[in-house]
Amino acid sequence: MVQKLIKKHAANALILCVIAICYSACKKTNTKPTENSIPVTISSISVNSGPVNTVVVITGTSFDTTPSNNKVFFNGKAATVSAATTTQLTVAVPLGAGTGNITLSVKNATAISGPVFTYQPSAVVTTLAGNINGPGAANGTGTSASFNIPTGIAVDAAGNVYVGDGGNCLIRKITPAGVVTTLAGSGANHWANGTGTSASFSIPTGVAVDAAGNVYVADGLIRKISATGVVTNLSGSSEIVLPTSDNFPYGIALDATGNLYAADTRYSLIRKITVSNVVTTFAKSPDWKTQNGSFTIGGVTTLTYDPFNVAVDAAGNVYVAEYNRGRIWKVTPAGEITAFAGAGYSGSADGNGTLASFNCPMGLATDAAGNVYVADSGNNRIRKITPDGTVTTLAGSGFWGSEDGIGTSASFFRPVGVAVNAAGNVLYVADGRNNLIRKITLQ
């Protein structure tokens, strides 16, 4: 009996010992992660703004050393992690990231919010219509259509694009889907009014469109194409003949109230045509025959030469592209004129105001935020000027070509005209020597 009790107590002691060991082991297993783990955090980022492909180093804790196990998002847009340590991740900003928080998850853990990254939209250049296989006048969709030295360009509120197809003496229309048709013009190089293709133009260059869908054309005269396709001269057209100079293009623009401004290249004049068709000289040279290029606005005489294009912003400021000396002028509604951007000689430098330079700027356009876009023809680039006069290169490598791409990886060949949509996020370019219409999407 005693032996049985001893054996029983020994067995119980053994069981208790095993339970104690197991409890101890389980306790250590359960407490170890709590005692030693460090939570996933983001403490800083190397840069807090930039365009697509900007390299950002994220510093924090408890990252996974396998890059693909770390999921990084810029404002909800997934980015690719190229390198990873436990404290740093290297990522490239994805296209169209937008501005917002950087977030991440590690091995599918809950996303951790980090600092705000300010995205700088990139200019994605594509070909909307036309082909480079020589000039032509074919209608069609996209690259099945053809142009012959497109010059002036405008876009309406619905996203339809209107083109002064100079070499073909036609006005073309392109839908947002890239379908090209002939809006007006017979193809004959002379002036004739009529409807649609029964009308004729003489090397149309400048193009503008108003809120009612009327299209205005500069082709030596100022012409109007109604929403139903009827082509007429604006009343008093004999007063607003704009002779060409060596067939160089010139531009027109509308302000918010419907007044039209035209650059008279040969005589270095800026003309204004009111909604009631009253024509005045908005800017002029005191004596163009002896002072070719100087003009007076608000009593101030300023030297300029070959004003090739104009644009008007929402505040009524008028911008003038001076072709030969590479300057962009700004004229306020009160008549104050300043050299907005450009050094006064050919160059391609970015910078502020007169520290920047252009080479034969031709097309101009403005957006609702007051930015000015320039078809910098001699540099084969599209430039952007912010309201404070800061000039940057938006798109174009500087070498002639027809490559689509992002920013300076794309190429143009003598871009002549530029237009911007109402939202300010899409530009259209008349790429003259390529016979193409290009589309620049800011994303």
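**Strands and cores around Leu260**

In this predicted model, Leu260 makes contact with Tyr216, Ile222, Ile252, Ala253, Leu254, Arg271, Lys272 and Ile273, leaving aside residues up to four places away in sequence. Apart from the core to which Leu260 belongs lies another one, made of 20 residues, with Phe63, Phe74, Ala97 and Val106 among them. The core that includes Leu260 is the largest nonpolar core, with 23 residues, and Leu260 is listed with Ile222, Ile252 and Val310 as having the most contacts inside it. Two or more residues each are given to this core by β18 (215-218), β21 (252-254), β22, β23, β27, β28 and β29 (327-331). Of these elements, β22 provides the largest share, namely four residues. As a general background, nonpolar side chains in soluble globular proteins tend to be buried together.

It is helpful to follow the chain from β22 onwards. Strand β22 covers residues 260-264 and pairs with β23 in the antiparallel sense, over five bridges. Within this pair, Asp264 stands opposite Leu269 of β23. Four residues lie between the two strands of this hairpin, and Ser268 takes a positive phi near 55 degrees. Strand β23 itself (residues 269-273) is mostly covered, with four of its five residues buried. On to the next strand, β23 pairs with β24 (residues 279-283), again in the antiparallel sense, over four bridges. Here Ile270 is found opposite Ala283 in β24. The hairpin formed by β23 and β24 has five residues between the strands, and Asn277 in its turn shows a positive phi of about 65 degrees.

Two open sheets can be described in turn. One has five strands in the order β16-β20-β19-β18-β17, with antiparallel pairing. Its edges are β16 (194-195) and β17 (206-209); each has a single partner strand, so one side of each is left without a neighbour in the sheet. Inside this order, strand β19 (residues 222-225) and strand β20 (residues 230-233) run antiparallel and are joined by three bridges. Lys224 has Thr232 in β20 as its bridge partner.

The other open sheet consists of four strands, ordered β27-β28-β29-β30 and paired in the antiparallel sense. Strands β27 (307-312) and β30 (337-341) stand at its edges with a single partner strand each, so one side of each lacks a neighbour in the sheet. On average, neighbouring strands of this sheet are turned by 30 degrees against each other, direction ignored. Five bridges link β27 to strand β28 (residues 318-322), and the two run antiparallel. Val310, named above for its contacts in the largest nonpolar core, has Val320 in β28 as its bridge partner.

For the protein as a whole, one helix and 39 strands are present. Of the 443 residues, 49% are buried. The exposed area is about 19500 Å², of which carbon and sulfur atoms supply 55%. Among contacts between residues at least 6 apart in sequence, 43% join residues at least 24 apart.

A word on confidence completes the picture. The average pLDDT of the protein is 86, and 83% of the residues score at least 70. Over residues 236-240, however, pLDDT stays under 50, and the model has 10 contacts for this stretch beyond four places in sequence. The pLDDT is also below 50 over residues 286-292, a stretch with 11 contacts in the model beyond near neighbours in sequence. Where pLDDT is low, the predicted coordinates should not be read in detail.

Conventions:
Residues numbered from 1 in each chain as written. Predicted model: local features only at pLDDT ≥ 70, side-chain atom pairs only at ≥ 80, totals over all residues. Heavy atoms only, no water. Buried < 20%, exposed > 50% of the residue type's maximum accessible area, 1.4 Å probe, protein only. Contact = heavy atoms within 4.5 Å. Areas by Shrake-Rupley, 256 points an atom, 1.4 Å probe, with all protein chains shown as cover. Pairing = 2+ DSSP bridges. pLDDT = per-residue confidence, 0-100. Axes fitted to C-alpha atoms, helices over the stretch in contact; angles between N-to-C directions. Core = buried A, V, L, I, M, F, W, Y, C linked by side-chain atoms within 4.5 Å.
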